[in-house]
Amino acid sequence: MKKLFIQFIPLACAACLFTGCAPVTRTATDVGLGAGGAALGGELTHNNPVAIAGGAVGGALLGEGLHAANDKLNDQSYQTGYDKGRSDAVKQQYWIFVAMQQAKAGDDGRVRLYQVHLPEQVIDGVIFKPTTQNLRIEE
């Protein structure tokens, strides 16, 4: 009976790992894997106290490693989603500007360009050469 129970422990641990970690707390995972590691270490070494302690520590470290990997994956997923949201917002802004420019391009009958001749002038010590600019008037 004891041997059957010991063989059942790794199967139970594997089932717990594949069912998800959301409802399982970090402490419960560490205690469960630590107890499983202690039982496995005791069974494999015929109840050597050092192996039992090592198995418990190894199980707890495995639990912490799984939680650290899960936390890292969650952080990466959050960052990926955040970047995707920002990218989508920029694309929306781009298409809004494109639509606005297309709407203005269709109003050629109400838009006129007047040429304005600007003479040479000095403003705040800067000399501006004479140029001709187009002034856009919308009616």
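How many of the 139 residues of the protein chain count as buried, as a percentage? The figure is 13%. Keep that in mind, everyone, as we walk through this one together. And a reminder before we start: what you see above is a predicted model.

Let me begin with the overall layout. The protein chain has three helices and four strands. If you read along the sequence, the pattern is α-α-α-β-β-β-β. The accessible surface of the chain comes to about 11,100 Å², and carbon and sulfur atoms own 64% of that. For those of you who like contact maps: take the contacts between residues at least 6 apart in sequence, and 47% of them join residues at least 24 apart.

Now to helix 2, residues 26-44. Does its length come out as expected or not, and why? There are 19 residues in this helix, and at 1.5 Å a residue they should span 27 Å; the end C-alpha atoms are 27 Å apart, so the two values agree. The buried residues of helix 2 are T29, D30, L33, G34, G36, G37, A38, G41 and G42. After the helix comes H46, and its phi is positive, near 60°.

From there, let's move to helix 3 and meet H67, which lies in that helix. Is H67 buried or exposed? H67 is buried, because its relative accessible area is 9%, and the cut-off for buried is under 20%. And what does H67 touch, once we set aside residues up to four places away in sequence? The partners are T25, R26 and T29. You have already met T29 as one of the buried residues of helix 2.

Staying with helix 3, let's talk about aromatics. A pair of aromatic rings is described by the distance of the centres and the angle of the planes. This structure holds two aromatic pairs. In one of them, Y78 and Y82, the ring centres are 6.5 Å apart and the planes meet at 15°, so the pair is stacked. Both tyrosines belong to helix 3, residues 49-105, and they sit four residues apart, about one turn of the helix. An α-helix has 3.6 residues a turn, so residues three or four places apart point the same way. As for solvent, Y78 counts as exposed at 60% relative accessibility, while Y82 is partly exposed with 42%.

The other pair is Y94 with W95, and here the geometry is edge-to-face: 4.9 Å from centre to centre, with 75° between the planes. Y94 is partly exposed, with a relative accessible area of 48%. W95, at 55%, counts as exposed.

Next, charges. Side chains of opposite charge can pair when their charged atoms come close. How many salt bridges does the count give here? The count comes to one salt bridge. D88 forms it with K84, and the closest N and O atoms are 3.3 Å apart. Why are these two about one helical turn from each other? Because D88 and K84 are four residues apart in helix 3. Both ends of the bridge are partly exposed: D88 at 32% relative accessibility, and K84 at 47%.

Let's finish with the strands. V111 has its place in strand 1, residues 111-118. V111 counts as buried, because its relative accessibility is 18%. Leaving aside neighbours within four places in sequence, V111 is in contact with R136, I137 and E138. Its C-alpha atom is also separated by 6.4 Å from that of E139, a residue 28 places away along the chain.

And what do we find on the surface around there? Y114, V116, L118, L135 and I137 form a nonpolar patch, with about 370 Å² of accessible area together. Strand 1 and strand 4, which is 131-138, are the elements giving two or more residues to that patch. Strand 1 makes the largest contribution, three residues. L135, one of the patch members, is found in strand 4. At 43% relative accessibility, L135 counts as partly exposed. I137 links back to our earlier stop, since this patch member is also among the contacts of V111.

That's my tour, folks. Thanks for listening, and I'm happy to chat about any of it.

Conventions
Residues are numbered from 1 along each chain as its sequence is written. This is a predicted model: local features need pLDDT of at least 70, side-chain atom pairs count only at pLDDT 80 or more; totals for chains, interfaces and linings use all residues. Side-chain values use heavy atoms; hydrogens and water are left out. Buried means under 20% relative accessible area, exposed over 50%, partly exposed in between (1.4 Å probe, protein chains only). Contact means heavy atoms within 4.5 Å. Rings of Phe, Tyr and Trp (its six-membered ring) pair if their centres lie within 6.5 Å; planes under 30 degrees apart count as stacked, over 60 as edge-to-face and the rest as tilted. A salt bridge is a side-chain nitrogen of Lys or Arg within 4 Å of a carboxyl oxygen of Asp or Glu. Patches are made of residues with over 30% relative accessible area and no salt bridge: like charges are joined within 9 Å, nonpolar side chains (Val, Leu, Ile, Met, Phe, Trp, Tyr) within 5 Å. Accessible areas come from the Shrake-Rupley method with a 1.4 Å probe; for residues, only the protein chains shown count as cover. The expected span of a helix is 1.5 Å times one less than its number of residues.
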